[in-house]
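Let's walk through this fold together, one strand pairing at a time. Have a look at the model first.

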Amino acid sequence: MTSPQTNGLEQTRIDKWLWAARFFKHRSGATEAVDGGRVKLNGQSVKPARAVKPGDIIDVTLSESTISVVVRAIAEKRGPASVAQTLYEESTESQSRREHAREARQLAPPPGADLHGRPTKRDRRLIQRMRDA
């Protein structure tokens with residue numbers, strides 16, 4: 001197993017690190033997420049050029065879930081997934097939150113489950129009457 005390529009670096013830009021750690025497929029996506037406020041470094045919103053160093057806590061909001069990780073190593077280049085997993089460690093609270101959210105999504109009915117296709121002719125007439133009233 002190879003270790004992260006640090007090249008003697010002690011810090012790097014947060015958008016580069018997020019891309020190298022495989023939170024985002026493209027570096028531009030990581031930059032947009034940081035600019036959009038979906039990434040927090042040590043509890044604060046930051047700009048994409050902010051330096052990240054080992055020991056920092058990063059909160060990343062992806063779709064509906066928030067992942068909280070501690071930076072363990074620095075890499076500027078994107079490598080294999082096995083190397084990317086060594087760059088961070090997810091907190092136990094974050095793991096339990098994601099597991100709870102996953103279970104809640106499985107128990108909830110899918111969106112639109114109560115809808116049954118297009119309205120019938122009778123339904124359209126009722127809708128039109130409500131709009132006209």
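In which sense do strand 2 and strand 5 pair, and over how many bridges? Strand 2 (residues 39-41) and strand 5 (residues 57-62) go antiparallel, over 3 bridges. Two strands count as paired here if DSSP finds at least two bridges between them; strands are DSSP runs of E with at least two residues, helices are runs of H or I with at least four, and numbering starts at the N terminus. Within this pairing, Val 39 sits opposite Val 60 of strand 5.

Before going on, a word on the ground rules: this is a predicted model, where local features need pLDDT of at least 70 and side-chain atom pairs count only at pLDDT 80 or more, while totals for chains, interfaces and linings use all residues. Residues are numbered from 1 along each chain as its sequence is written, and side-chain values use heavy atoms, with hydrogens and water left out.

Strand 5 also pairs with strand 6 (residues 65-71), antiparallel again, through 6 bridges. Here Ile 58 faces Val 69 in strand 6. The hairpin these two make has 2 residues between the strands, and Ser 63 takes a positive phi near 50°.

On the other side of the story, strand 2 pairs antiparallel with strand 3 over 2 bridges, with Leu 41 opposite Gln 44.

Put it together and you get an open sheet of 5 strands in the order 3-2-5-6-7, with antiparallel pairing. Strand 3 (44-45) and strand 7 (88-90) are the edges, each pairing on one side only. Helix 4 (residues 92-107) packs on the sheet, touching strand 6 and strand 7 (contact means heavy atoms within 4.5 Å).

Notes: Axes are lines fitted to C-alpha atoms, for helices over the stretch in contact, and angles run from 0 to 180 degrees between N-to-C directions.
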